[in-house]
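Thanks, everyone, for making the time. I would like to walk you through one model this morning, beginning with a single pair of residues in a sheet and working outwards from there.

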Amino acid sequence: MKSGLKMSKVLSMLIVITMLASLVMTGCSKSTGEKDNSSKAEVQQDKKVTLTFFGLGQLKNEMEYFKSTIQKFKSQNPNVEFEETYANDADLNTKMNVAFAGGSAPDIIYTSISSTISRAANNQLEPLDGYMSQWGGKDKFLERNLQLGTYKSKLYAIGLRADPRVLLYRKDFFKEVGLDPEKPPKTWEEFADYAVKLTKKENGQVVRGGADIPTTNGSLFLAPFIFQNGGKIADEDNDKLTINSPEAIEALKYVADLYKKGVSVVHDGNKLDELPFVKGKSAMSFTNLNSYITMTTNDPTLKDKIGFSASLERKSKAAQSGLICLSITKDSKYKKEASNFLSLMLSDDETWSRYQTMGVIPIKSSLQDKFISDNPKVNQVLSDSVKVGITRPRTSWGAVYMNYEKAAYEAVVVGNTSAEESLATLEKNLNKAIQK
Amino acid sequence: MKSTKKNKGYYLISVIMLISSVIMLIPLIMAFFTSLKPLSEIQTNATTILPKEWMWSNYAEAMKEGNWLRYMYNTAFVTTITVVVSLVINSMAGYALARIPFKGREILFFTALLGMMIPPQVTMIPTFLMLKRMPLVGGNDIFGMGGSGLMNTYMGLILPYIAGSFGVFLCRQFYINFPDSLDDAAKIDGCSRIRAYFQIYIPLSKPVLATLAVIKASGTWSEYLWPLVITNKDYMKTVQIALPAFKQETGTIWNLLMAATIVTCLPLLILFIFAQKYFIEGIVTTGIKG
C-alpha cells in the first residue's frame, strides 16, 4: 500500500517535470529554431513554399478576386502554397499584432495605409525600393501612390486600391435653387455660398442640408481643407505634428463657421453609408464612389441626377483618399516568392482586370488614359482625386492622432472653443501622448 | 389597512419592474424587427419600428453568407466540451482546495485567484505562443517549431477556456461551506477522498454545477477575441467571428446582421429561459455577469 502510494507520487512528479520541461523547451527554442529555419529556406528554393497572406476581407468581390488570383499564381508557381486569412480592419490588426508578437508574422499583408505605416514605423516591414525593377520601375506607378506608401524615405507599401472622396452633388437640387448643375463649386467661397443657397429649412429645422458637414468624426472631412490651404498635419520625415499652424486654424474656422450657418443635417462623418446625402437629405457631400453606387442601386433614377467633381482648390488641391496597400513583412522567409506574387498583382493586366471586375481605380500611370477614356464623366474626377490624395498622418503616432483630432474638431464645430485654442490643446495633448 | 398598503407597494414595484423590463427588451425587439426589414427601409431617414415589408427570407439570406452550419457546429462543440471538462476538473480542484488539507493549499488557491485578476488580453500573446509552439502537434517538432501547433484546432479553442480558474474559485467557495463532520463520517465509513467526492459531494453539487455550466456556456458561446486570434481558417470560425462578415466596407448589411445575430443568440436565450435561476445564482454568488 505504502509502496504503491510512493510510486504514484513519483509518477506524478515525473509527469509534472516532463510538462514543465516541454514548456521550457518551447519557450527557449525561439532564436535557434528561427535562425535554422531561415537558413533552410535559402536552400529550399525549389521545395514547397507556403506563403502566408493576411488581407482585408471587407468586400466580398475583392476576397473572391484575391482567391482567384492566388490560384493563378499557384498554377504559375507549383511549388508555392498559400495560407490566406481575411478579416475586417480592426480584426485584421488584432490578428497581425498577435502574429508579429508571436513570431509568426505573415509574408504578405494587404491592409489600410495607416496600419501599414505604423508597422513600418515598428520595423515590421521590408523596404520595397529594391523590388521596383522587378515590378516595372517607379515611373510605372502614380507618383502620389508611391509617396503615400513611403515612410522616412523608404517605400514600404504599394497602394492597390485607392478610395478617394470626391464631391457628389444633386443636379436636381442645383436646378431648384437656380444654380447651374454643370458647374459645381471649385473654391471654398463657392462651396460655402452654394451650401447656404441649397439649404432648406422648415420651422428653423434643416430638412435638407446644403452640404454634409460632419457633427462628429470630422477629421477626414477637415484634413483636405487644411492641405488645400497650404497646411500640413505632420512633418512625416521627422515624425512631428504640425497641425497647429495658421493654415489649419483658418481651415478649421471655415468649416466651423459653415456648420454654424446651419447648412448641414446632424451626422457622423465616419458612417458614409448613413450620410444625409445618401439618404437624400442634402445637396452636396464629399464621399466615395460607394455612396453613388448605393444611391443608384436603391433608386436608379438618381443616375442622371448626381454630379461628380474633384476637390476644391485654394492654395493647392487635396482630396481625402483611403488606400489599401500590399507589403512584404521583414521577417518573411520567402521574400522572393512574395515579390513574385506582388509582381503578378501589380502587372498591367491584373490592374486592369481589377478595374473591370471590381471598379478599382488603376494605380499605374501607364493605365490612366485608358481608365479616363472608359468613363470620362466619373473617371476623370477619380483619377484627379487619386493624384492629389491625402491619407491619415503617415507617422509612428498616426493611429492615435484621430482620437485627439476628433475632440479638437468637435470642440470648435459644435462647441464654443476657438480654433486656435482647440488646435493648441490638440498639439499639447498629442505630444504628451507621443512622449509617453 | 396594512394589507392595502402592502398591495399598493407591490403593484407599484411591479409596474416599475415591468417598465424596466420592457426598456431592457427594446434593443432585442428592435433587432428582431430590423432583421425583417429590407435594407432600403433601414437606410431611409424615417425611423420605423414595424417593417413595412416583412422579409422572413432575410434569415435564409443571412445563413447563406458563409458556412453557418459549420460555424454553429464549431461553437456548439467547443462550448459543450468546455462545459463538460470544466465541470469535472473545476469541481475536483474546488473539492481538493476546500476539503483536503495539504501543504501549500492556500498558496495554490491564491495563485489561482491571481490568474482571475489578470485581464485575458494580457495573457493572450503568451497563450498564443504556447499553443502555437506546442511540441509534436500541428507539424511542430520536439522544440515546437516548423508547424502551426494548435492553431486552427478545437484543442486550441478549448484549452484556454478550461484552464481558467473562475470555476475552481466557484466550486471551492461552494464546498467550503460543508461541515467537517461530513468528511469525518465518510472517513469512519472507510470512504477514500475520491469516493467521498463522487458519492457524497457530487450528488450535493447540483446548484454549483448548474451555475458553473450556465456561466461557462454563455461565456464560451459569446467569446470573440480568442477565436479571432487562434483561428485563420473559415472552417474553424465560431458564430461570433462570423458575424462581422456583414459589416462591409460599402456599409453594414443591417438586416442580415440582425438576422444572424438573432440566430446566434437563440441558443443562449433558450438556455437562459430554462436555467435563469442558475444565471442569477451565479451573478449573486460571484458578482460576475460573465
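Let me start in strand S14 of chain A, where Ile324(A) is the bridge partner of Arg161(A). Before going further I should say that this is a predicted model, and I will come back to its confidence values at the end. The bridge I just mentioned belongs to a set of six that join strand S6, residues 158-164 of chain A, to S14(A), and these two strands run antiparallel.

S14(A) itself covers residues 319-328, and nine of its ten residues are buried. Strand S3, residues 108-112 of chain A, is joined to S14(A) by five bridges, again in the antiparallel sense, and within that pairing Tyr110(A) has Leu326(A) as its partner. S14(A) also pairs with strand S15, residues 389-390 of chain A, this time in parallel and over two bridges, with Gln320(A) standing opposite Ile390(A).

If we now step from S14(A) across to S3(A) and carry on, we reach strand S1, residues 49-56 of chain A, which runs parallel to S3(A) and is joined to it by three bridges; here Phe53(A) is opposite Ile108(A). S1(A) pairs as well with strand S2, residues 80-87 of chain A, in the parallel sense and over eight bridges, and one of the facing pairs is Leu51(A) with Phe82(A). Between these two strands the chain passes through helix H3, residues 60-76 of chain A, in a β-α-β crossover that is right-handed.

While we are on S2(A), let me pick out Glu81(A), which lies in that strand. Is Glu81(A) buried or exposed? The answer falls in between, because Glu81(A) has 13 other C-beta atoms within 10 Å and therefore counts as partly exposed. Leaving aside residues up to four places away in sequence, Glu81(A) touches Lys48(A), Val49(A) and Thr50(A). Gln71(A), which is ten residues from Glu81(A) in sequence, sits 9.4 Å away, C-alpha to C-alpha.

Turning to the helices, I would like to spend a moment on H10 of chain A, residues 246-260. At 1.5 Å a residue, its 15 residues should span 21 Å, and the C-alpha atoms at its ends are indeed 21 Å apart, so expectation and model agree. Several of its residues are buried, among them Ala248(A), Leu252(A), Tyr254(A) and Val255(A). What do the buried residues of H10(A) pack against? They pack against four helices of chain A, namely H8 (188-198), H9 (219-228), H16 (398-413) and H17 (419-435). After H10(A) comes Gly262(A), with a positive phi near 75 degrees.

That brings me to backbone angles in residues that are not glycine. Most residues other than glycine have a negative phi, which is the background for the next two cases. Asn203(A) has a positive phi, near 55 degrees, and is found in the loop between strand S8 (200-202) and strand S9 (205-208) of chain A. Asn203(A) counts as exposed because it has 5 C-beta neighbours inside 10 Å. In the other chain, Leu136(B) has a positive phi of about 65 degrees and is placed in the loop between H6 and helix H7 (154-162) of chain B; with 13 other C-beta atoms within 10 Å, Leu136(B) is partly exposed.

As for how the two chains meet, the contact takes 24 residues from chain A and 25 from chain B. On the chain B side, the elements that each supply at least two residues include helix H2 (39-43), helix H6 (120-132) and helix H12 (225-230). H6(B) gives the most, with six residues, and by class that side has eleven nonpolar, ten polar and four charged residues.

Finally, some overall numbers and a caution. Chain A has 17 helices and 15 strands, and 43% of its 436 residues count as buried. Among its contacts between residues at least 6 apart in sequence, 73% join residues at least 24 apart. The mean pLDDT of chain A is 87, with 89% of its residues at 70 or more. Over residues 22-45 of chain A, however, pLDDT stays under 50, and the model has 20 contacts beyond four places in sequence for that stretch. Where pLDDT is low, the predicted coordinates should not be read in detail.

Key
Residues are numbered from 1 along each chain as its sequence is written. Chains are lettered from A and ligands numbered from 1 in the order in which they are written. This is a predicted model: local features need pLDDT of at least 70, side-chain atom pairs count only at pLDDT 80 or more; totals for chains, interfaces and linings use all residues. The expected span of a helix is 1.5 Å times one less than its number of residues. A residue is buried if 20 or more other C-beta atoms lie within 10 Å of its own, exposed if 12 or fewer, and partly exposed in between; C-beta atoms are placed from the backbone. Two residues are in contact if their C-beta atoms, placed from the backbone, lie within 7 Å. Ala, Val, Leu, Ile, Met, Phe, Trp, Tyr, Cys and Pro count as nonpolar, Asp, Glu, Lys and Arg as charged, and the others, Gly among them, as polar. pLDDT is the predictor's confidence in each residue, from 0 to 100. Two strands pair if DSSP finds at least two bridges between them. A crossover is right-handed if, with the strands pointing away from the viewer, the path from the first strand over the helix to the second runs clockwise.
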